Amino acid sequence: RRTAAFRIGGALRLPCEADVSIAGDYRLDDGSLRADVVTSEIGLDQIGPPWRQRLPAELRGGVAQLTLNVIRDASGPPAISGRAQLSGLVWQRQALRMTTGAHVELSALPPAVAGQPWAVALRASVRDGAIEGLPILGGADRIAGQVVLQDGVLTVDRLEGRSLGSTWTLQASMALRPGATLEARLDMPVPLTALAERLPAARPWQPAGTADVVAVWRGPPAQWPHVEILATAQVREASAVWQSSRLVGLNGLLRYDHLARRVTSEGLRGLADGYPVAAHGAVQLDASPWIDLALEAQADARLATRLPQLQPMLREAAGPIQARLTLRGPISNLQWTGEAALSDVRIAWQQPALSLEAIRGVVEFSNDHVASRQLTLRTAQHAVTLSGSVTGLQTAPRLALTAQLPAATVALNAVVGDASVEVDRLELAAGRSRLQARGQLSRDPARASDVTIQGT
């Protein structure tokens with residue numbers, strides 16, 4: 001064998017500017033070559049053709065220092081392997097932009113058929129990375145992990161970073177060709193307060209606490225936001241605000257469908273003002289969020305005094321209630337229906353001035369009405385069975401009530417106005433006696449009422 005050993009140093013001009021030292025040996029009999037190449041720092045955006053075409057199009061900039069091993073046998077082009085130290089690396093696809101440093105193990109093998117692309121493979125240990133343009137999360141920092149390029153497919157083995165003040169892990173893969181689909185999985189404990197700042201539709205709920213999120217992305221990044229994202233969130237000890245009630249200790253499973261813009265609740269449980277509550281249903285995250293939820297709760301009747309529709313009518317309410325409630329409609333015009341089982345409840349009305357004790361039975365209600373059948377109660381030491389309804393709660397409440405006392409029956413039809421109660425019919429039947437009244441009862445004690453009474 002005739003072999004020539006060599007060591008060369010100098011300045012490289014093409015395909016990029018760099019200082020290069022080369023050491024190796026050359027076999028004079030067959031022309032095979034083995035060489036070690038060490039470069040100074042190279043600006044990746046300064047690499048010219050044809051090497052630039054062999055790098056991923058998403059690689060927009062950065063600085064590299066290379067240590068390469070070049071082996072060429074007598075019959076073909078060289079095979080290249082080695083490592084690179086990268087800093088200020090910029091990787092960008094559409095709105096997604098990543099900057100990082102990395103240590104890269106790489107290889108470039110010549111094609112088996114002339115004219116075909118080289119087989120480029122690399123394994124990068126990413127460090128000190130940052131991302132801008134992430135869906136929902138906005139950005140990320142402290143990114144570190146392993147990224148592999150093999151056979152034209154970019155694979156994220158395991159990447160860690162921080163977003164919204166919380167650490168996440170990412171696994172993903174995508175072919176490096178136009179229109180290719182990205183498949184990714186993100187695992188992250190999400191702080192709900194920080195997330196609400198990124199989702200305007202969630203801000204009115206003032207969420208707090210943590211949700212363990214698993215999110216799966218499937219679709220070409222260039223088609224954002226029209227890509228499939230499905231996520232589950234295991235809520236842990238969260239809280240939120242609904243109307244005037246504070247919900248705490250919330251635990252349960254939520255599902256999110258990005259294309260449908262829909263959040264579904266499965267068995268979310270917690271406490272509302274200290275009372276157990278459970279919810280299932282969905283929230284549509286449109287410009288005006290649409291709600292379709294079913295709630296079950298144990299509560300106290302005093303919560304009724306917080307409802308705007310009942311506040312003008314109630315002076316006091318207390319006692320245990322088992323309630324079921326359905327909420328449906330846009331959040332700006334939410335409609336609710338439900339029923340409540342009352343047990344030893346007491347209520348004091350403003351007008352007419354009336355106190356009801358030991359109320360037991362089932363009450364049906366909605367935004368606009370309250371109704372009951374065979375509701376038992378006591379007033380002025382008398383047992384009463386009450387049936388009927390109060391409708392028009394949002395405008396002028398209309399009462400249609402029948403009260404059965406031990407020795408009498410009272411029926412009332414009336415409309416409650418701002419200044420007076422218009423009595424269409426007030427009828428008292430006791431034994432052979434019948435009294436009927438109609439007229440106007442002033443709600444202001446200082447003003448006179450006008451009532452007509454007749455009967456025997």
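**Salt bridges, fold and local contacts in a predicted model**

Arg 255 and Glu 266 form a salt bridge, with their closest N and O atoms 2.8 Å apart. Arg 255 sits in strand 15 (residues 245-257) and Glu 266 in strand 16 (residues 262-272), so this pair ties together parts that are eleven residues apart in sequence. Both ends have some access to the surface: Arg 255 is partly exposed, with a relative accessible area of 38%, and Glu 266 counts as partly exposed at 37%. As with everything described here, the pair comes from a predicted model.

This bridge belongs to a wider set, as the structure holds 15 salt bridges. In general, side chains of opposite charge can pair when their charged atoms come close. A second example joins the side chains of Arg 236 and Asp 212, with an N to O distance of 2.6 Å. Here distant parts of the chain are linked, with Arg 236 in strand 14 (residues 228-242), Asp 212 in strand 13 (residues 208-219), and the two positions 24 residues apart in sequence. Arg 236 counts as partly exposed at 37% relative accessibility, and Asp 212 likewise counts as partly exposed, at 30%.

The bridge between Glu 58 and Arg 93 has its closest N and O atoms 2.4 Å apart. It also links distant parts of the chain: Glu 58 is in the loop between strand 4 (42-43) and strand 5 (59-72), while Arg 93 is in strand 6 (residues 79-93), 35 residues apart. What is the surface status of this pair, buried or exposed? Glu 58 and Arg 93 are both buried. That sets a useful contrast with the Arg 236 side chain, which is partly exposed. Elsewhere, salt bridges link Arg 27, Asp 29 and Asp 30 into a network.

Turning to the chain as a whole, the secondary structure consists of one helix and 29 strands. The radius of gyration is 38 Å, well over the 23 Å that the globule rule gives for 456 residues, so the protein chain is more spread out than a compact globule. Along the principal axes, the C-alpha atoms fill a box of roughly 135 × 35 × 30 Å. Of the 456 residues, 36% count as buried. The chain exposes about 25200 Å², and carbon and sulfur atoms supply 55% of that area. Among contacts between residues at least 6 apart in sequence, 35% join residues at least 24 apart.

Aromatic pairing is a brief story, since a search of the whole structure finds one aromatic pair. The ring centres of Trp 336 and Phe 365 lie 5.8 Å apart and their planes meet at 55°, so the pair is tilted. Trp 336 is in strand 21 (residues 335-349) and Phe 365 in strand 22 (residues 354-366), so the pair ties together parts that are 29 residues apart in sequence. Both partners are covered: Trp 336 is buried at a relative accessible area of 11%, and Phe 365 is buried at 17%.

Two small residues offer a closer look at the contacts made by strands. Ala 318 lies in strand 19 (residues 314-318) and counts as buried at 13% relative accessibility. Residues up to four places away in sequence aside, Ala 318 touches Asp 300, Ala 301, Arg 302, Val 345 and Arg 346. From Ala 318 to Ala 348, the C-alpha to C-alpha distance is 9.3 Å, for a separation of 30 residues in sequence. Ser 372, in strand 23 (residues 369-379), also counts as buried, with 13% relative accessibility. Apart from neighbours within four places in sequence, Ser 372 is in contact with Val 362, Val 363, Leu 386, Ser 387 and Gly 388.

The surface, finally, carries a nonpolar patch of about 390 Å² made by Leu 428, Leu 435, Leu 441, Val 451 and Ile 453. Strand 28 (433-442) and strand 29 (450-455) are the elements that give two or more residues to this patch. Leu 428, another of its members, is found in strand 27 (residues 420-430). This leucine counts as partly exposed, at 32% relative accessibility.

Definitions and conventions
Residues are numbered from 1 along each chain as its sequence is written. This is a predicted model: local features need pLDDT of at least 70, side-chain atom pairs count only at pLDDT 80 or more; totals for chains, interfaces and linings use all residues. Side-chain values use heavy atoms; hydrogens and water are left out. Rings of Phe, Tyr and Trp (its six-membered ring) pair if their centres lie within 6.5 Å; planes under 30 degrees apart count as stacked, over 60 as edge-to-face and the rest as tilted. Helices (H or I, at least four residues) and strands (E, at least two) are DSSP runs, numbered from the N terminus. Buried means under 20% relative accessible area, exposed over 50%, partly exposed in between (1.4 Å probe, protein chains only). Contact means heavy atoms within 4.5 Å. Patches are made of residues with over 30% relative accessible area and no salt bridge: like charges are joined within 9 Å, nonpolar side chains (Val, Leu, Ile, Met, Phe, Trp, Tyr) within 5 Å. Accessible areas come from the Shrake-Rupley method with a 1.4 Å probe; for residues, only the protein chains shown count as cover. A salt bridge is a side-chain nitrogen of Lys or Arg within 4 Å of a carboxyl oxygen of Asp or Glu. The radius of gyration is taken over C-alpha atoms; the globule rule is 2.2 Å times the number of residues to the power 0.38.
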